Each structure stands twice: as C-alpha cells, then as structure tokens.
Amino acid sequence: MTTDVLRRLSAPAKHAGLILLGFVMLYPVLWMVVSSLRPDDEIFRSPGLVLDTLRTENYSQGWDALSSPFGHYLINSTIVVLGCIIGNLVSCSMAAYAFARLEFTGKRWWFGIMLGTIMLPIHVIIVPQYILFSQLDWVNTFLPLIVPKILATDAFFIFLMVQFIRGLPRELDEAARIDGCGHPRIFLRIVLPLMKPALATTTIFTFIWTWNDFFSQLIYLTDPEMYTVPVALRSFVDSTVSTSWGSLFAMNVVSLVPIFLAFLFGQRYLVRGIATTGGK
Amino acid sequence: MSALDELRRLRRSGTAVRKRDNKAAFWFLAPWFAGLLFVTIGPVAASFGLGFTKYNLIQPPKFIGLDNFGRIFTDERLHNALGVTFTYVLVSVPLQLAFALGVAMLLDRGLRGLAFYRSAFYLPSLLGSSVAIAVLWTQIFGAEGMVNRVLALFGIQGKGWISDPDTALSTLIVLNVWTFGAPMIIFLAGLRQIPAVYYEAAAIDGVGRWSRFRHITLPLLSPIIFFNLVLQIIHAFQSFTQAFVVSGGTGGPSDSTMFYTLYLYQQGFSRFDMGYASALAWFLLLIIGAFTAINFWAARFWVFYDD
C-alpha cells in the first residue's frame, strides 16, 4: 500500500524531471532557431527565447552570403543523398538476399567479413581510397561519395536486411520455386515487396547520415561549385565568423530542416531500425 | 539480435551442407565483392604498403622502410593527440551510456507520454554529428556565448570555454553526452525484453529497488550494455566533425581538441604526407581493434547470456 502512495506521488516528480531534462537538452537548438530571427547584437545579449524584433533579413543575407546561393548547395547535397539512397537500396538488398537465402561456398567466412566491415572506420581506408579516386579523376565530382554505396559498402544495412529477410516465411520462396521461379524472380517478386519496412529504415538512415556526413565530403569536394551543405557551412564559418552570426544561424537552421522532417515522418522506422539491430 | 551476438554465434555453429547456389550467389554479391576489393578491404591492404613509402600524390611513392612507423613512436604531437582522443573516449562514452540507461529506466513500463519523451531525447542524436550543431557549440561556449549569458543570470562569471585549452575538450565531451538518445533507444528495447514476472516475484519477496536493479535488470541487460559500449567506443574514436569545426581545422587551442582523426586528416590532406597518414590509419585500426578485443575479453566477467 505504501509503495502505491509513493508511486502516485513520484509520477508527477518523474514527469517534471523528464520535462526539465528534455527542455535543457533542446534549449540550445530552440535558442538557435529564435536567434536566427534576431539582429546580431541581440544574439549575444539575450540568452532567452522571447523575440523582441523579428528580423528575417538574416535568411536572405545568409542565402546569398557565399559564392553561390545556398540553394545550390542544397541541390548538391540532394543529388549526393539520392545517389547514396538508391545505391544502398539496390546493392545492400541484393547482398542481403544472398546471405539470408542462398547457400554458397565459404558463406560463413564471407558473412564474418561483412560483419567485420561494419566496424571498419572510414579513416582507415580514406588515404588509399583517395589516391584511387584521384587517379580516376573523380575528385570534385560526386562519384567518390556515391559509388561506394552502389558497391554495398554500408554493411550495416546488409545486416539489417539479412535480419529482416530471415524473419520472412520460407514457404513463400519454396512455393515460388515449385512454380519454376529462379532466384532473381523470387527476390524481385516476393522478397523485395515484403521488405518494405527494412527498405524504409535504410532510406531514412542513409538520408540522415549522408546529409550530415562531413569528413568525406570535405576531402572530395574542394571546388566551391561542388560544395554540399556541410562543406558550404564550414566555409561560411571561415568567412564570416566575426561579422554575422545571424545569417550563419539562419543557414544552420535551413540545413537542419531536412533532418528534422526525416525525423518527424520517419520516426517509426528510425526507432525500429535501431531497436532491431541493437536489441536482442 | 545484434551483429555482435551474430559474430559470437558464428564461431560456434556449423552449417549443414545443402544444395549450393554458388552461381546465383556470385551475381547477387557481385557489387559487394567489388566494394570489398576497391573500397574497403583492398584499400586497407594498400594502405599497409603505402605505410612503407614517402608519397605526396605528385612524385611516385618512394620506399623508406619502417620510417613512418618509427615516427609514430617519436611524434610528440601524435602522442598528445592520442591523449586527447583517449580522454574523450574514456570520459564521454561511460557518461553517455549512464545517461542513456538512466533515462531509459525512467521511461520504461507504460509511462504516460513515453513516445513524446523518447522523441525529444532522441532528436539530438540525429543532429549531433552535423556541422550546424558544431557551429552552434562554437557560439554557445564562446566567451560571449549563450552559456555565459545564462550563467551571468545566476551571478556566475564564465569564460571562453572553447578558447581555453583546459576546457575546450570538455565542451566536445558535453556534445557527445548530449547524443545519448540512440543508445537509450537500444536500452529501451532491451528493457522491454526482461520478463515482468522477475520483477513481480522480487516484489512479492520484498526485494528493494536497488537490489532489483542490481540483480535483475543489470545482468539481463548486460549483453545490451556490452553492445552499446563496443559500438559507442568505436564511434567515439572516429569523431572528427565537431573538433574540426570548433577549432577551425587546427585542433587548437594548443592542440587541446586534436583528435586522432583530425591529426590524420592534417597529415594526409593538408600536408599530403600520404605515407605517414597510411601508417597512422593502420595504427588507428590497431588501437580500435585492441580496445574491441579487450572489451570482448572483459565481457566474460560481466556479460550474462541467458541462452
């Protein structure tokens, strides 16, 4: 009985604590959004969230602050992101089908290697990869960012899809095989349509990771014409750090909007993706 | 089931020999094989060879024996970078996981508004690695930044957190802890797998809250804690963006935010010393491998598998 009373008392306290923690965590982001609508001197004066004067000029100034309008970088990022998504969807689902449904020589070995490459840091392979791509004359194109995805190097997604395919009933494939279907048709007609949730998870994660990715885009894209959003933002910091935080914040906000939208609409898949590969 | 469990199991199990589909498998795996050769394992092998050379992309590589690897032992800036990176990994990962587990336990079992809280705490994980947030951090932890303005409201005199070598790294640790939402979601999924009967039985026996945590939650959750630990350590070793943006690419002030990856970037892509950068890349692989191996070895003493 006493524990019941305790529980009833502790519930509001728990909520208050959680709300406070959430507020503190999200405060910097909220503050940045509000500050992007403030004049520069006010950004440094006021730590609060109340807007005295609304100033949208930051957005128009920030948009045109670099050598190309910011929309140019948004388009570049979009091209890279779309290429990576298509690459990952096609190549990872093919590899996953082989690992989940086919028997072949050395399967356990190859599977082990695949799992090992999930943990391989990009920094370890970037130097020779850069040398290879620069000899192919691919520096300052989007190819070094997209081609690796077409070659199924994001092994994390292969694993995610393998797990998913293993959960699908085998009877369906076997029925199709009795009807004379080969593996390509079983894959395209039966497995792929059933894999939609795993494909959605892959799409959203690829979107967010590629949109945020800075390291490889910094290395491969040095021509301002080819800059993607993160590289453009960083060149913005270099050029204006002491002059206009307002317009810098405005472009920060613009750059985060797609991530926020992906989060809003893809939450279900994000949570499930993390939980199925992470949880038992 | 996680990738780690899978690896563990792989060592034990044998495969029953069935009808083989080698030809089909080859075609389905063709892109992946090409990626292995040209983008992942191939370059890893190539970088081992490059580690023995002096190469600046313009002149052909020149064989210099073990010089680059020897340099690793005498390069004092590198040793400092290792210190910075180890501090970052060993402080921020346990803190991040402690937050993740703590909040996950608060959110467990039918709390009202669970979905809302989960989203609020998860959002920073998605934003945390972006340049935009690193730029924001530069402002809020600057001498005139938002944090100091808030502190001033309480009569506390702040300082330039990022321009001071003693505190610059701490701001990056705060940033990493801020992204505890992803491991939190993994913990939530794990907590949900623990059968409620265990807790009910413990409650009937009058077992206290702490004991329930210590003797039920912790052992049953240990494989998930292990998974998060391995993953987040590997992840933290690869941090780059935040340090790069906050220090303007220099790793400063006074090399206090010089992550290993940042040092590697400078050697490879500012100074174009590809030979040394390759040796550094291999050394990083060894370090991460060693940390992971130690983790797996230590796991036998504290990770409890129910199966």
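**View 1. The second largest pocket has a lining of 19 nonpolar, no polar and no charged residues.** Welcome to this predicted model, where our tour starts at an open space shared by chains A and B. About 580 Å³ of space lies in the second largest pocket. Look for A:Val24, A:Met25, A:Pro28, B:Val147 and B:Val174, which are the closest to its centre among the 19 lining residues. On chain A, helix 1 (2-35) gives two or more residues to the lining, and on chain B helix 7, helix 8 (146-153) and helix 9 (168-178) do so too. Helix 1 of chain A supplies the largest share of this lining, with six residues.

**View 2. Chain B meets chain A through 99 residues of chain B and 96 residues of chain A.** Here we turn to the interface itself. The size of an interface is often given as the accessible area lost when the parts come together. For chain B and chain A, the buried area is about 8800 Å², and carbon and sulfur atoms give 76% of it. Three residues to pick out are B:Phe28, B:Trp32 and B:Val39: together they supply 9% of the area that chain B buries against chain A, more than any other three residues.

**View 3. Helix 2 (residues 22-38) of chain B gives the most to the side of chain B that touches chain A, with 13 residues.** What classes of residue make up the side of chain B that touches chain A? They divide into 68 nonpolar, 19 polar and twelve charged residues. Between chain B and chain A the count of salt bridges is zero. Polar contacts do occur across this interface, with ten residue pairs found, both residues of each pair being at pLDDT 80 or more.

**View 4. The second largest cavity is lined by residues of both chains.** Rolling a probe the size of a water molecule over the atoms shows where empty space is left. The structure holds five cavities of 30 Å³ or more, and the second largest cavity has a volume of about 60 Å³. From chain A, its lining includes A:Trp211, A:Asn212, A:Val229, A:Pro230 and A:Leu233, while B:Ser130, B:Val131 and B:Ala132 come from chain B. Helix 11 (196-212), helix 13 (229-240) and helix 14 (245-278) of chain A, together with helix 7 (131-140) of chain B, each give two or more residues to this lining.

**View 5. Helix 13 of chain A gives the most to the lining of the second largest cavity, with three residues.** Which classes of residue does the lining of this cavity have? Seven of its residues are nonpolar, three are polar and none is charged. Among the lining residues still to find are A:Ser255 and A:Leu256.

Conventions: Residues are numbered from 1 along each chain as its sequence is written. Chains are lettered from A and ligands numbered from 1 in the order in which they are written. This is a predicted model: local features need pLDDT of at least 70, side-chain atom pairs count only at pLDDT 80 or more; totals for chains, interfaces and linings use all residues. Side-chain values use heavy atoms; hydrogens and water are left out. On a 1 Å grid over the protein atoms alone, a cavity is a set of points where a 1.4 Å probe fits but cannot get out, and a pocket is an open set with protein on both sides within 12 Å along at least five of seven lines; lining residues have an atom within 4 Å of a point. Grid points are joined across faces, edges and corners, and a volume is the space filled by probe spheres set on the points. Helices (H or I, at least four residues) and strands (E, at least two) are DSSP runs, numbered from the N terminus. Ala, Val, Leu, Ile, Met, Phe, Trp, Tyr, Cys and Pro count as nonpolar, Asp, Glu, Lys and Arg as charged, and the others, Gly among them, as polar. Contact means heavy atoms within 4.5 Å. Buried area is the accessible area (1.4 Å probe) that two parts lose on being put together, summed over both. A salt bridge is a side-chain nitrogen of Lys or Arg within 4 Å of a carboxyl oxygen of Asp or Glu. A polar contact is a pair of N or O atoms within 3.5 Å; within protein, one must be able to donate a hydrogen and the other to accept it, and residues adjacent in sequence count only if both atoms are side-chain atoms.
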